[in-house]
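Biologist: Please take me through a close look at one part of this model, in plain words. I am new to this.

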Amino acid sequence: MPVPSSTSSLRKLHVITWGCQMNVYDSARMQDVLKPIGYRATAFPEEADMIILNTCHIRDKAAEKVFSELGRLRLIKQAREKEGQQTILAVAGCVAQAEGKEILTRAPYVDIVLGPQTYHRLPEMVARIARAGKTVIETDFPVEQKFDFLPAPTTENQLTAFLTIQEGCDKFCSFCVVPYTRGVESSRPVSSVLAEARALIKMGAGEITLLGQNVNAYHGLTEDGQPCTLADLIKSLAALPGLKRIRYTTSHPRDMSDDLVEAHKEIPALMPFIHLPVQSGSNKILLAMNRGHQAGFYMEWIEKLKRARPDVAISSDFIVGYPGETDKDFEDTMSLVKQVGFAQAYSFKYSPRPGTPAANAPGQLPEDVKDERLYQLQDLLRSQQDSFNQTLVNKVVNVYFTGKGRKDGQITGRSPYLQPVHVIGDETLIGQERPVYISQQLTNSLGGQIKELENT
Ligand code: 5AD
Ligand code: SF4
């Protein structure tokens, strides 16, 4: 199979991304790593010389979904083969990590299976396919850190960017596959994070979201070998010229710290919007989930954050129907939600993941009970989100403009709370932040006027 080199003609690469923001980041980095050997992104799988399916294993019938998508991609690969064109088909991400061998057995037409920690080796894998024509599987957890081998990011004009600073998890919540698919917790060194942030800013990113499965457990080393906290890292990032906004996700209540709360008070660039998953409001269920904290502990951090930064808004994740969850446990979740008042939240029915302790726990609940609880919870969360959006009407918030709106003369941006905001404004404001008077709440967004344009 021919393999492109930097001197041969360009090849087309199509990446399909499922799952979390870290997968979005990984997909972008896979494109960066394949660029020096001639691959350029295409939106059309039918014309791609290489297709990467970047998968997610967190919930539902993850593996089945992958096999069904692979069936579709196989047809594309076969059609191209008939026309004498080769397609390298790669499966990446957490399903690849967890089900690598199964993929090779059930979908032998797949050329590369690679886990989330090995994609820096993609050029070498492509070369191996070209040499030997055999399937390549790379799902080990290498001793080298992939970040040491990745080129600088290359996506131009990306006004908002993700930057992975921490990966993996050692907490082993009983329901979660992440510790098995992403490996042990590790933090990138400070210098490596700052170098990537500078490269992103240079290419236009005014807003950077720091990513990690337990991002507030960050403890990367400084040049002189000292561990640095997330709060200190944020301080260093805030000092970089051109960076207007900093966010981080996903945090764990157990890794909250006073210096991070303090950072929210002191650093204007740090957005007052925090995703802090609690999963359940029942102490019994939190214990069964092996979360390592109780509902009261979570509430204490929310109070501290609100005291430090009165305009802070909280987002969370919830699981309903965890094994053994009674009506009373579910009621505890509903009352925690009422107590906190969330600006936004994600909620899921418990989904047994193979190999995790909860999958075999007694007290698995029927789907109709899970459905009913999810419905009730989502109803409450939706009304809280509506009320939160309503509180911004008639207020002035800073909006970072990221693109043209759908209507003529309209531009669109993000509030500090990630709501889309539409205004009539000049395109030259794209990439800049402006105070906006919010005048209306639309279905999934807010409408307003740029403050300077007002006569008041
Ligand atoms: N079932 C349902 N939801 C899950 N999550 C993680 N594992 C499961 C599971 N087995 C949810 C958690 C987590 C989010 C990323 O996905 O709420 O915070
Ligand atoms: Fe999964 Fe728990 Fe680790 Fe989050 S903290 S990634 S839910 S094991």
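Which strands does helix α1 lie across?

Modeller: Happy to help! This is a predicted model, where local features need pLDDT of at least 70 and side-chain atom pairs count only at pLDDT 80 or more, while totals for chains, interfaces and linings use all residues. Residues are numbered from 1 along each chain as its sequence is written, chains are lettered from A and ligands numbered from 1 in the order written, and side-chain values use heavy atoms, without hydrogens and water.

Helix α1, residues 21–34, lies across β7, β10 and β11 (helices are DSSP runs of H or I, at least four residues; strands are runs of E, at least two; both numbered from the N terminus). Its course makes about 95° with β7 (axes are lines fitted to C-alpha atoms, for helices over the stretch in contact, with angles from 0 to 180 degrees between N-to-C directions). Helix α6, residues 190–202, also packs on the sheet, where it touches β7 and β10 (contact means heavy atoms within 4.5 Å). The direction of α6 makes about 165° with that of β7.

Now the sheet itself. The 3 strands form an open sheet, ordered β7-β10-β11, with parallel pairing (at least two DSSP bridges make a pair). At the edges are β7 (160–164) and β11 (245–249), each pairing on one side only. From one strand to the next, the twist averages 25°.

Let's zoom in on one pair. Strand β10 covers residues 207–211 and joins β7 in the parallel sense over 5 bridges. Here Thr160 stands opposite Glu207 of β10.
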